[in-house]
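Welcome! Open the viewer, get your selection tool ready, and follow along one stop at a time.

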Amino acid sequence: MTNQWTNREILRSYFMEMIDLQIEYIDKYPDSDNQYRRDNEPFIREIKRVLDEFSLKLTPELKDMYKLKYREKRAFGEFYNVRSTN
């Protein structure tokens, strides 16, 4: 059975650096093999890859905004002066 993560949970896990901890744990115990790992490891690694690419394109201000949004549950409306340079 796989997890049914919402987009918000995925982003929250990424910006709270929980995805990094999950990958670190997976890498630390490569011989551990169970159904959860088989179902979720490729998904977790793909999330990390895609969101790392996305984060590289963000300005430091935008990166901080996302971290505050998902770590402290602050509303995006509080960041009205932050904008992308793209």
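**Stop one: the largest pocket**

By class, four nonpolar, four polar and two charged residues make up the lining of the largest pocket. Before you go on, keep in mind that this is a predicted model.

To see that lining, select Q22, Y25, I26, S32, N34, Y36, R37, N40, E41 and I44. The space inside the largest pocket comes to about 180 Å³. Now colour α2 (18-28) and α3 (35-56): each of these helices gives at least two residues to the lining. Which helix has the largest share of the lining? The answer is α3, with five residues.

**Stop two: helix α4**

Next, select residues 60-72, which form helix α4. If you place a distance label between its end C-alpha atoms, you should find 17 Å. That agrees with the 18 Å that the 13 residues of α4 should span at 1.5 Å a residue.

Show the side chains of L62, M65, Y66, K69 and Y70, which are buried in α4. They lie on the same side of α4, because they cover an arc of only 110 degrees around the axis. Turn the view to the other side of α4 and pick out P60 and E72, which are exposed.

What covers the buried residues of α4? The cover includes α1 (7-15) and α3, so bring both helices into view. Before leaving, click on K73, which follows α4 and has a positive phi, near 60 degrees.

**Stop three: F15**

Move on to F15, in helix α1. Is F15 buried or exposed? With a relative accessible area of 3%, F15 is buried, since buried means under 20%.

Show what surrounds F15: leaving aside neighbours within four places in sequence, F15 is in contact with F54, S55, Y66, K67, Y70 and R71. Two of the names in that list, Y66 and Y70, are also among the buried residues of α4 that you saw at the previous stop. For a look across the chain, add D64: F15 and D64 are 49 residues apart along the chain, and their C-alpha atoms are separated by 9.5 Å.

**Stop four: E17**

Finish in the loop between α1 and α2, where you will find E17. E17 counts as partly exposed, at 38% relative accessibility. Select K48 together with E17: the two are 31 residues apart in sequence, and 9.8 Å apart in space from C-alpha to C-alpha.

Notes. Residues numbered from 1 in each chain as written. Predicted model: local features only at pLDDT ≥ 70, side-chain atom pairs only at ≥ 80, totals over all residues. Heavy atoms only, no water. 1 Å grid on protein atoms, 1.4 Å probe; cavity = no way out; pocket = protein on both sides within 12 Å on 5 of 7 lines; lining within 4 Å. Points joined across faces, edges and corners; volume = space filled by probe spheres on them. Helix = DSSP H or I, 4+ residues; strand = E, 2+ residues; numbered from the N terminus. Nonpolar A, V, L, I, M, F, W, Y, C, P; charged D, E, K, R; others polar. Expected span 1.5 Å × (residues − 1). Buried < 20%, exposed > 50% of the residue type's maximum accessible area, 1.4 Å probe, protein only. Arc of directions from axis to C-beta. Contact = heavy atoms within 4.5 Å.
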